[in-house]
Amino acid sequence: MPTSPQPTQPLFADLLAHLTRTSVLGPAEAGRVVAEVLAYFSETTPEFVQRRHAELQGRGLTNDQSFARIAEELAARRVVAPELSARQLRRIVYG
């Protein structure tokens with residue numbers, strides 16, 4: 001998994017100060033939340049597709065249902081991934 005920026009870097013000092021000032025989070029908790037968010041958004045498109053496919057399969061969705069949902073979710077991510085066909089999604093999951 002790619003290395004994501006650490007919330008302790010000066011870049012995030014203002015964000016951590018904002019979170020502790022505007023929420024019930026303490027500095028350590030705010031740091032953990034920011035680290036989790038950074039890790040989530042550092043996930044590559046293939047990592048996201050594989051994780052979501054496994055989650056959706058676990059809920060009983062078929063591949064067609066899973067790939068349709070994943071394609072919708074990819075378009076809504078903060079940094080939009082390129083549009084992928086069901087075949088491309090299948091290749092990411094199954095190789």
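**Exercise 1. A salt bridge within a helix**

Arg52 forms a salt bridge with Glu55, and their closest N and O atoms are 2.6 Å apart. The structure is a predicted model. Determine how far apart in helix 3 the two residues stand, and state whether Arg52 is buried or exposed.

*Solution.*

Step 1. Helix 3 covers residues 45–58, and Arg52 and Glu55 are 3 residues apart in it. The two are therefore separated by about one helical turn.

Step 2. Arg52 has a relative accessible area of 9%. Buried means under 20%, so Arg52 is buried.

Step 3. Glu55, at 32% relative accessibility, counts as partly exposed. The salt bridge thus joins Arg52 to Glu55, with Arg52 buried and Glu55 partly exposed.

**Exercise 2. Further salt bridges and a network**

Establish how many salt bridges a search of the whole structure finds, examine the pairs Glu43 with Arg51 and Arg90 with Asp64, and identify which residues are joined into one network.

*Solution.*

Step 1. The search of the whole structure yields 5 salt bridges. In general, side chains of opposite charge can pair when their charged atoms come close.

Step 2. One of these salt bridges brings together the side chains of Glu43 and Arg51, at 2.8 Å from N to O. Glu43 is buried, its relative accessible area being 13%, whereas Arg51 is partly exposed at 27%.

Step 3. Arg90 and Asp64 also form a salt bridge, with 3.9 Å between the closest N and O atoms. The cut-off for a salt bridge is 4 Å, so the pair at 3.9 Å qualifies. Arg90 belongs to helix 5 (residues 86–94) and Asp64 to helix 4 (residues 63–76), so this pair ties together parts that are 26 residues apart in sequence.

Step 4. Arg90 is partly exposed, with a relative accessible area of 33%. Asp64, with 59%, is exposed.

Step 5. Through salt bridges that share partners, Glu43, Arg51, Arg52, Glu55 and Glu73 are joined into one network.

**Exercise 3. Aromatic rings and a charge**

Find how many aromatic pairs the structure holds, describe the geometry of the pair formed by Tyr40 and Phe41, and state which ring faces Arg77 lies over.

*Solution.*

Step 1. The structure holds 1 aromatic pair. It is formed by Tyr40 and Phe41, with 5.0 Å from centre to centre and 85° between the planes.

Step 2. A pair of aromatic rings is described by the distance of the centres and the angle of the planes. Planes over 60 degrees apart count as edge-to-face, so the 85° of Tyr40 and Phe41 places the pair in that class.

Step 3. Tyr40 is partly exposed at 38% relative accessibility. Phe41, found in helix 2 (residues 27–42), is partly exposed as well, with a relative accessible area of 47%.

Step 4. Tyr40 and Phe41 also contribute to a nonpolar surface patch, together with Val33 and Val37. The area of this patch is about 350 Å².

Step 5. Arg77 lies over the face of Tyr40, at 5.0 Å from the ring centre. Arg77 lies over the face of Phe48 too, at 4.2 Å from the ring centre.

**Exercise 4. Two residues of helix 3**

For Val49 and His53, determine whether each is buried or exposed, and list which residues each contacts beyond its neighbours in sequence.

*Solution.*

Step 1. Val49 lies in helix 3 and is buried, with a relative accessible area of 0%.

Step 2. Leaving out residues up to four places away in sequence, Val49 touches Ile70, Leu74, Leu89, Ile92 and Val93. Val49 and Ile92 are 43 residues apart along the chain, and 7.1 Å separates their C-alpha atoms.

Step 3. His53 also lies in helix 3, and its relative accessibility of 6% makes it buried.

Step 4. Neighbours within four places in sequence aside, His53 is in contact with Asn63, Ser66, Phe67, Ile70, Val93 and Tyr94.

**Exercise 5. The chain as a whole**

State how many helices and strands the chain has, what share of its residues is buried, and what share of its contacts joins residues at least 24 apart.

*Solution.*

Step 1. The chain has 5 helices and 0 strands, which read along the sequence as α-α-α-α-α.

Step 2. Of the 95 residues in the chain, 24% are buried.

Step 3. Among contacts between residues at least 6 apart in sequence, 46% join residues at least 24 apart.

Step 4. The accessible surface of the chain is about 6,500 Å², and 58% of it belongs to carbon and sulfur atoms.

Key: Residues are numbered from 1 along each chain as its sequence is written. This is a predicted model: local features need pLDDT of at least 70, side-chain atom pairs count only at pLDDT 80 or more; totals for chains, interfaces and linings use all residues. Side-chain values use heavy atoms; hydrogens and water are left out. Buried means under 20% relative accessible area, exposed over 50%, partly exposed in between (1.4 Å probe, protein chains only). Helices (H or I, at least four residues) and strands (E, at least two) are DSSP runs, numbered from the N terminus. Rings of Phe, Tyr and Trp (its six-membered ring) pair if their centres lie within 6.5 Å; planes under 30 degrees apart count as stacked, over 60 as edge-to-face and the rest as tilted. A charge sits over a ring if NZ of Lys or CZ of Arg is within 6 Å of the ring centre and within 35 degrees of the ring normal. Patches are made of residues with over 30% relative accessible area and no salt bridge: like charges are joined within 9 Å, nonpolar side chains (Val, Leu, Ile, Met, Phe, Trp, Tyr) within 5 Å. Accessible areas come from the Shrake-Rupley method with a 1.4 Å probe; for residues, only the protein chains shown count as cover. Contact means heavy atoms within 4.5 Å.
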